[in-house]
Amino acid sequence: MNYKILQFAIFLSTLCFFPFLVYSQIQKPNIVLIYVDDLGYGDIGVNGAVGVNTPNVDNLAKRGVNFTDAHSSSSTCTPSRYSLLTGRHAFRNKAAIINGDAPLIIDLNIETLPKMLQKAGYHTGIVGKWHLGLGNGNVNWNEEVKPGPKEVGFNYSFLIPSTGDRIPTVFMENQRVVNLDPNDPIEVSYGSRLDGYPLGSERPELLKQHADPMHLQSITNGYGRIGFMKGGKSALWVDEDFPFVLSEKAVDYIEKQKENPFFLFFSLHDIHQPRVANVEFVRKSLMGPRGDVIAQMDWCVGEITKTLDKLGITENTLLIFTSDNGPILDDGYFDYAREMVGSHLPAGPFKGTKYSIYEGGTRMPTIVSWPGTVEPGTNAALISQTDFYASLAKLVGQPVASGNAEDSGEFLDVLLNKSEKGREYLLEEAYVFGIRHDNWKFIPAKNVDVPQWLRIKYVDPGFFPEPQLFDLSIDPFETNNLANKYPDKVKSMEAKLISIVNGEASIR
Ligand code: NG6
Ligand code: CA
């Protein structure tokens with residue numbers, strides 16, 4: 001063969017193989033994201049929980065990787081969920097905790113995590129808590145409510161529309177209320193009282209669990225809620241059934257989609273309040289309802305892993321287990337979590353709770369499991385849930401649409417435990433900002449009184465009249481303020497924070 005022809009033949013054969021070479025690096029495993037509500041770093045066995053066992057979560061950790069410095073974007077729910085699904089920090093959207101009648105807070109023109117996965121050929125579903133708003137304001141709950149999950153990229157949805165403690169206390173499947181009797185239409189109000197369900201403030205004898213005045217508006221299923229509700233009696237949920245209803249829907253989704261690559265966002269109600277354990281889980285812990293619902297949550301995790309095993313798709317499924325914000329003992333309902341906590345440390349070795357800027361507010365229990373692909377172990381990389389977007393995009397071979405997910409860093413190798421090189425900087429959002437630079441943590445001065453609603457919950461949001469600087473490598477509990485000792489460090493971290501919040505610098 002003459003040399004030119006040989007060269008051409010080699011060129012042709014390279015062309016033939018090239019697509020396979022590229023393809024082989026792109027994998028499309030199923031992706032299951034289990035998002036627990038208000039679960040603290042220390043609330044799982046592998047991270048030191050006492051008073052409750054979490055065998056299913058511990059087993060995930062045993063066959064996966066347990067992250068020790070992984071963060072939700074914020075120490076409250078709506079902002080964290082917003083960031084998770086958009087790869088953008090919540091401050092850019094002024095996202096804050098919203099009520100059950102709030103409009104959808106995700107801009108329909110941006111590409112979300114589920115939309116990106118749809119483009120990559122995934123079927124996408126959400127089962128559980130939404131809390132990102134529905135409709136355009138002024139929702140009519142008696143018809144299809146749009147926009148919602150479908151419009152932001154979920155092919156299937158089964159929702160708790162807002163929170164367990166907010167009305168309407170009904171499930172929605174594909175954006176319609178489940179079991180609604182058209183002759184008993186639903187009305188919802190977060191302003192004036194409706195002539196509907198009795199109020200907790202007036203009929204405390206109807207309550208299964210007493211609560212503070214903010215949670216004593218309409219009573220449904222024996223629990224006072226935030227907001228007023230009328231009608232929809234046949235559609236009301238039974239809180240005690242949550243673990244079974246939600247797990248069944250999630251399992252059903254997996255079974256139906258097992259032939260597709262699928263993305264399931266399993267967004268549990270547990271361990272948010274009202275903390276209601278089904279009788280099967282009552283006294284499964286030594287800590288009362290809060291511990292019992294941790295056991296209940298663990299059971300739900302087991303239902304998912306059992307299903308993946310049964311269907312033989314465990315090795316083709318990337319499972320991420322994490323939480324939306326730090327733990328809180330008293331969030332309004334009187335379930336004696338504070339009295340019964342014993343020596344259990346809900347935030348593990350960290351200071352801070354839900355609503356707080358200290359590490360416990362955003363440092364989340366985080367486990368990634370993909371047996372056969374992800375090497376088991378622990379990983380200390382600094383990483384944010386905002387990074388899931390770009391990292392999963394890389395995994396499935398999708399570009400991040402330009403101008404989208406601007407806070408999402410690509411850390412696929414960290415997620416897959418091939419590297420411990422995470423972020424250099426990480427933003428933490430609460431009622432004051434915090435910024436991490438490797439093991440340094442900076443919180444700017446905030447000279448305002450702690451609001452009463454946080455004070456009565458014993459929450460320390462981290463307000464302090466002077467800047468705070470901690471070296472987490474020697475002081476993980478953020479006790480020793482080094483701001484006076486390292487003024488240059490304070491200056492540079494403050495400047496970085498300001499430039500991020502002003503949109504001049506990236507936080508990737
Ligand atoms: C707070 C509620 C609290 C809880 C929280 C949201 C009051 C006094 N407290 O505003 O009950 O629902 O919002 O929790 O209204 S989260 O986990 O969804 O962020
Ligand atoms: Ca939460």
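Ligand 1 occupies the second largest pocket of the predicted model, a pocket being an open set of points on a 1 Å grid over the protein atoms alone, with protein on both sides within 12 Å along at least five of seven lines; a molecule sits in a pocket if more than half of its atoms lie within 2 Å of its grid points. In this predicted model local features need pLDDT of at least 70 and side-chain atom pairs pLDDT 80 or more, whereas totals for chains, interfaces and linings use all residues. Residues are numbered from 1 along each chain as its sequence is written, chains are lettered from A and ligands numbered from 1 in the order in which they are written, and side-chain values use heavy atoms, without hydrogens and water.

The protein is divided into domain 1 (31–181 + 233–422), domain 2 (187–230) and domain 3 (427–501), with bounds from an automatic or database domain assignment. The C-alpha centres of domain 1 and domain 2 are separated by 27 Å. Their contact (heavy atoms within 4.5 Å) involves 26 residues from domain 1 and 20 residues from domain 2.

Ligand 1 is surrounded by 19 residues, each with a heavy atom within 4 Å of the ligand; D165, R166, H215, Q273 and K354 are the closest. Domain 1 and domain 2 each supply at least three residues of this shell. Its composition is 5 nonpolar, 6 polar and 8 charged residues, with Asp, Glu, Lys and Arg counted as charged, Ala, Val, Leu, Ile, Met, Phe, Trp, Tyr, Cys and Pro as nonpolar, and the others, including Gly, as polar.

Oxygen atoms of ligand 1 form polar contacts (N or O pairs within 3.5 Å) with side-chain N or O atoms of H215 at 2.5 Å, K129 at 2.9 Å and H131 at 3.3 Å. Of the 450 Å² that ligand 1 exposes when taken alone, the protein buries 91% (Shrake-Rupley method, 1.4 Å probe).

Note on methods: Polar contact = N/O pair within 3.5 Å; in protein donor to acceptor, adjacent residues only side chain to side chain. 1 Å grid on protein atoms, 1.4 Å probe; cavity = no way out; pocket = protein on both sides within 12 Å on 5 of 7 lines; lining within 4 Å.
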